[in-house]
Amino acid sequence: MAISITVLDCDLLLYGRGHRTLDRFRLDDVTDEYLVSTYGFPRPFIDYLVELLGGSLSRPTQRSRAISPETQIMAALGFYTSGSFQTRMGDTIGISQASMSRCVTNVTEALVERASQFICFPQEEVSVQRLKDDFYSLAGVPGVLGIADCTHITIKAPNAEDLSYVNRKGLHSLNCLLVCDAQGVLLWAETHRPGSTHDNVVLHQSDLSCLFETKMHKEGWMLADSAFLLRPWLMTPVQIPESPQEYRYNMGHSATHSIMERTQRALRQRFRCLDGSRATLQYSPDKSAQIVLACCILHNIALQHGLDIWCESGTTVMETEEDCNSMEVTETEAYRMRQELILTHFS
């Protein structure tokens, strides 16, 4: 019989050839410091996840000793936040590699089922106005409903023939569209686009584009960098600023957009499985996209619990697309709207 000794020693495990005889992991067995250092989150946060996901993770099983929701959540958090191979984190908790994989899958699916509960634009008029006010207080750009950007998450090659996931750096990745508010809360996350897809195409094909085209364009606009094309609901920097007003607008735009850069950095700092400099996600594109979305949901839940996300050091934000090289068309509604914004608020 193969015996694996963990940091929790005899309190945690005894399993041999695929048969686990004990599953005694309990939060009460470890200190608060251990939870934060190993799993990245404090006890109240983990308790909240157990309450939130417990019903979904307690599905009927034919096994005489199903892994508890508590242990499943600890296993998944350990993987998300460490980026370690599942075998190493499984040994820490006291479960086999196969069980570790099931835990990550189960918790990821349970979180993704609740995506709309935690990642969404505000609906009430008061909340929408507060969103605009928060952005305006940053750098004086009015009417902003969110900051949009794309970021690449590296994954293993799906197969030798499929080149759609190869990005411009020759890496296999997902190109993920994110929108955040002035506090770094994610308002939108689409994580399934292949890495070869240009940022502007990702946005054009997204449900977010449809939402703003049909509903939210009259309420305000989003900000995005020059990888995206100017639209009536998407304000980009002036490509070649010529007047003092245009320079001031670009400075305000850049200062506001920096919130998204900090948010992306924080995501990778907290969830090391997304940090391409350490390792790639060793899953299919579909499952990798779910893992990214699950981390985005946990990011928002962490903010709701008052956990600081602003990390100034560590990994950098992974590549974004180069600026669009196409010249802006001046005789468009979007161009006129931006000029009016510049002349009204940055003169």
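**Entry 1: aromatic pairs**

I began with the rule for ring pairs: rings of Phe, Tyr and Trp, the last taken by its six-membered ring, pair if their centres lie within 6.5 Å. By this rule I noted nine aromatic pairs, and I wrote beside the count that the model is a predicted one.

I then looked up F79 and Y80, which form a pair with 6.2 Å from centre to centre and 55° between the planes. The pair is called tilted, because planes under 30 degrees apart would count as stacked and planes over 60 as edge-to-face. I also checked the surroundings of these two residues, and both F79 and Y80 are buried.

Next I turned to F121 and W188, another tilted pair, for which I noted 6.3 Å between the centres and an angle of 45° between the planes. This pair links distant parts of the chain, since F121 sits in the loop between α6 (115–118) and α7 (125–139) while W188 belongs to strand β5 (residues 186–194), and the two are 67 residues apart. Are F121 and W188 buried or exposed? The relative accessible area of F121 is 6%, so F121 is buried, and W188 counts as buried because its relative accessibility is 18%, where the cut-off for buried is under 20%. I closed the page on rings with a cluster, in which ring pairs link F121, W188, F212 and W233.

**Entry 2: the pocket**

W188 came up again when I looked for open space. The largest pocket holds about 390 Å³ of space, and it is lined by 23 residues, of which A115, I119, W188, A189 and E190 are the closest to its centre. Which element gives the most to the lining of the largest pocket? I found that β5 does, with six residues, and that α6, β5 and α11 each supply at least two residues of this lining. Sorted by class, the lining of the pocket has 14 nonpolar, five polar and four charged residues.

**Entry 3: the cavity**

I then looked for enclosed space, and the count came to one cavity of 30 Å³ or more. The volume of the largest cavity is about 50 Å³. I wrote down its lining as T151, I153, C176, L178, L267, R268, L274, V292 and C296. By class, seven of the lining residues are nonpolar, one is polar and one is charged. Four elements, β3 (144–154), β4 (173–180), α10 (244–270) and α11 (285–304), each supply at least two residues of this lining.

**Entry 4: L281**

Two residues of the cavity lining, I153 and V292, led me to L281, which touches both of them. L281 lies in the loop between α10 and α11, and I noted that it counts as buried because its relative accessibility is 2%. Leaving out residues up to four places away in sequence, I listed the residues that L281 touches as F79, I153, T154, I155, K156, C273, L274, S288, I291 and V292; F79 is also one of the partners in the tilted pair with Y80. How far apart are L281 and I155 in sequence and in space? They are 126 residues apart in sequence and 4.6 Å apart in space, taken from C-alpha to C-alpha.

**Entry 5: S56, E113 and G140**

S56 is found in helix α2 (residues 43–57), and at 13% relative accessibility S56 counts as buried. Its side chain is joined to that of R114 by a polar contact of 2.9 Å. Not counting residues up to four places away in sequence, S56 touches A110, E113 and R114.

I followed this to E113, which is placed in the loop between α5 (97–112) and α6. E113 counts as exposed because its relative accessibility is 52%, and the cut-off for exposed is over 50%. From C-alpha to C-alpha, E113 and L53 are 10.0 Å apart in space, with their places 60 residues apart in sequence.

For G140 I noted a place in the loop between α7 and β3. G140 is buried, with a relative accessible area of 18%. I found G140 and G252 to be 6.5 Å apart in space, C-alpha to C-alpha, although they are 112 residues apart in sequence.

**Entry 6: the whole chain**

Last, I looked up the totals. The protein has 12 helices and seven strands, and buried residues make up 54% of its 347 residues. Among contacts with a separation of 6 or more, residues 24 or more positions apart account for 69%.

Terms used:
Residues numbered from 1 in each chain as written. Predicted model: local features only at pLDDT ≥ 70, side-chain atom pairs only at ≥ 80, totals over all residues. Heavy atoms only, no water. Buried < 20%, exposed > 50% of the residue type's maximum accessible area, 1.4 Å probe, protein only. 1 Å grid on protein atoms, 1.4 Å probe; cavity = no way out; pocket = protein on both sides within 12 Å on 5 of 7 lines; lining within 4 Å. Points joined across faces, edges and corners; volume = space filled by probe spheres on them. Nonpolar A, V, L, I, M, F, W, Y, C, P; charged D, E, K, R; others polar. Polar contact = N/O pair within 3.5 Å; in protein donor to acceptor, adjacent residues only side chain to side chain. Contact = heavy atoms within 4.5 Å.
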